[in-house]
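Please work through the exercises below with the sequence and the coordinates at hand. Each task is followed by a worked solution.

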Amino acid sequence: MRLTTEEIEAGAMSPENLALAARTLHDVGYVVLEEILPIDWVNRTRAQCDADIAEFVAKELKPEVHAERAGHVSMLAPMHAPYTDPIAVENPFALQVMEEALGKSLYCMFYNTNTAYPGSMYQRLHRDIYLPFPELKHALPVYMVVVNIPLVDFTLENGSTEVYPGTHLITDIDPADSQKLLERAQYLPAVRTNIKAGSVVVRDMRVWHRGMPNPSDMVRTMLAIVYGRGFWMTDPRMNQIPRSTFDAFSEKSKHLFRHSPLVEDAEI
Ligand SMILES: O=C(O)CCC(=O)C(=O)O
């Protein structure tokens, strides 16, 4: 959905647009807030992120893991600027939607990047989280969302993510069985997230999705910041935050990262 210039300048959605965004997240499983970020910030972040990911792939990612993941790279975001910029971690529009859907107790659980490297192939179809009560026949309200921030235009050519609207509400299938999901997905509509850099996607993490082939020569990266309701406090992927980074956070970022382990700068 598109926000008005007035909303973007004010950093706040109107009550009508907020209700529409929250309803879309509820019904579809995700909502796209189109072109709400300053493009110069996106470009600077992309330059930094491309360099960090290249170093990560060269130094830390074993070639066999890279091959096994079909060219899709996930890196925990380094906890410093530009990644920790309030534009990303406390994006006012994404926060409005999340607070409406998850309540004000939400907090940042972990912060990743997702890259479809040139030559990447199909990722397995998956959802990012399991159902806490798989025995229930009906879906619970949303409890974990990812805020995806594409750092380039996402297109069919560079491997825009494929998503299956409405699948966050499916409870009668084992989400770990990727083959079963694929069989079932044949009968479901799929959408490619072809969106402009500067857009922000707020997605219920139960939605089925997969990274797609990237036959272009462009590195296709998005930031993936995961937030949960206040009671989801034990994810082992939580980023360690240098104390100096944390101390320099705004009060809002401090609140959002309040459960993350801090490390003293001397220990880094
Ligand atoms: O990179 C993508 O398009 C999707 C990656 C993803 O969602 C994942 O690894 O869970």
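The exercises that follow concern a predicted model.

**Exercise 1. The shell around the ligand**

Task: Identify the residues that surround the ligand, sort them by class, and state which elements give two or more residues to the shell.

Solution. Step 1: the ligand is surrounded by His72, Ser74, Asn114, Ala116, Asp128, Thr161, His209 and Gly211. Step 2: the elements giving two or more residues to this shell are β2 (72-76) and β3 (107-116). Step 3: by class, the shell holds one nonpolar, six polar and one charged residues.

**Exercise 2. Pairing of β2, β3 and β9**

Task: Determine the sense in which β3 pairs with β2 and with β9, and find the residues that stand opposite each other.

Solution. Step 1: strands of a sheet pair through backbone hydrogen bonds, either parallel or antiparallel. Step 2: between β2 and β3 the pairing is antiparallel, over five bridges. Here Val73 stands opposite Thr115 in β3. Step 3: β3 also pairs with β9 in the antiparallel sense, over nine bridges. Thr115 has Thr221 in β9 opposite.

**Exercise 3. A sheet of three strands**

Task: Give the strand order of the open sheet of three strands and name its edge strands.

Solution. Step 1: the order is β6-β5-β8, and the pairing is antiparallel. Step 2: β6 (191-192) and β8 (209-210) each pair on one side only, and these are the edge strands. Step 3: β5 (residues 162-163) is joined to β8 over two bridges, with Val163 opposite His209 in β8. His209 is also one of the residues that surround the ligand.

**Exercise 4. The faces of helix α3**

Task: Test whether the end-to-end span of α3 agrees with its number of residues, then locate its buried and exposed residues.

Solution. Step 1: helix α3 (residues 39-59) has 21 residues, which at 1.5 Å a residue should span 30 Å; the end C-alpha atoms are 30 Å apart, so the two values agree. Step 2: Val42, Thr45 and Cys49 are the buried residues of α3. Step 3: seen down the axis of α3, these buried residues fall within an arc of 65°, and therefore line one face of the helix. Step 4: on the other side of α3, the exposed residues are Asp40, Ala47, Ala51, Glu55, Ala58 and Lys59. Step 5: the cover over the buried residues of α3 includes β3 and β9 (220-228).

**Exercise 5. The surroundings of Ile241**

Task: Decide whether Ile241 is buried or exposed, and list its contacts beyond four places in sequence.

Solution. Step 1: Ile241 lies in strand β10 (residues 241-242). Step 2: Ile241 has 21 C-beta neighbours inside 10 Å and therefore counts as buried, since the cut-off is 20 or more. Step 3: leaving aside neighbours within four places in sequence, Ile241 is in contact with Met79, Phe246, Phe257, Ser260 and Leu262. Step 4: Leu262 is 21 residues from Ile241 in sequence, yet their C-alpha atoms are 4.8 Å apart.

**Exercise 6. Backbone features in loops**

Task: Locate the cis peptide bond between Ala81 and Pro82, and describe the positive phi values of Glu35 and Ala70.

Solution. Step 1: the peptide bond joining Ala81 and Pro82 is cis, with omega about 0°; Pro82 is found in the loop between β2 and α5 (86-89). Step 2: Glu35 has a phi near 50° and lies in the loop between β1 (30-33) and α3. Glu35 is partly exposed, with 17 other C-beta atoms within 10 Å. Step 3: Ala70 has a phi near 55° and lies in the loop between α4 (63-68) and β2. With 17 C-beta neighbours inside 10 Å, Ala70 counts as partly exposed.

Key
Residues numbered from 1 in each chain as written. Predicted model: local features only at pLDDT ≥ 70, side-chain atom pairs only at ≥ 80, totals over all residues. Near = placed C-beta within 6 Å. Helix = DSSP H or I, 4+ residues; strand = E, 2+ residues; numbered from the N terminus. Nonpolar A, V, L, I, M, F, W, Y, C, P; charged D, E, K, R; others polar. Pairing = 2+ DSSP bridges. Buried ≥ 20, exposed ≤ 12 C-beta atoms within 10 Å, placed from the backbone. Contact = placed C-beta atoms within 7 Å. Expected span 1.5 Å × (residues − 1). Arc of directions from axis to C-beta.
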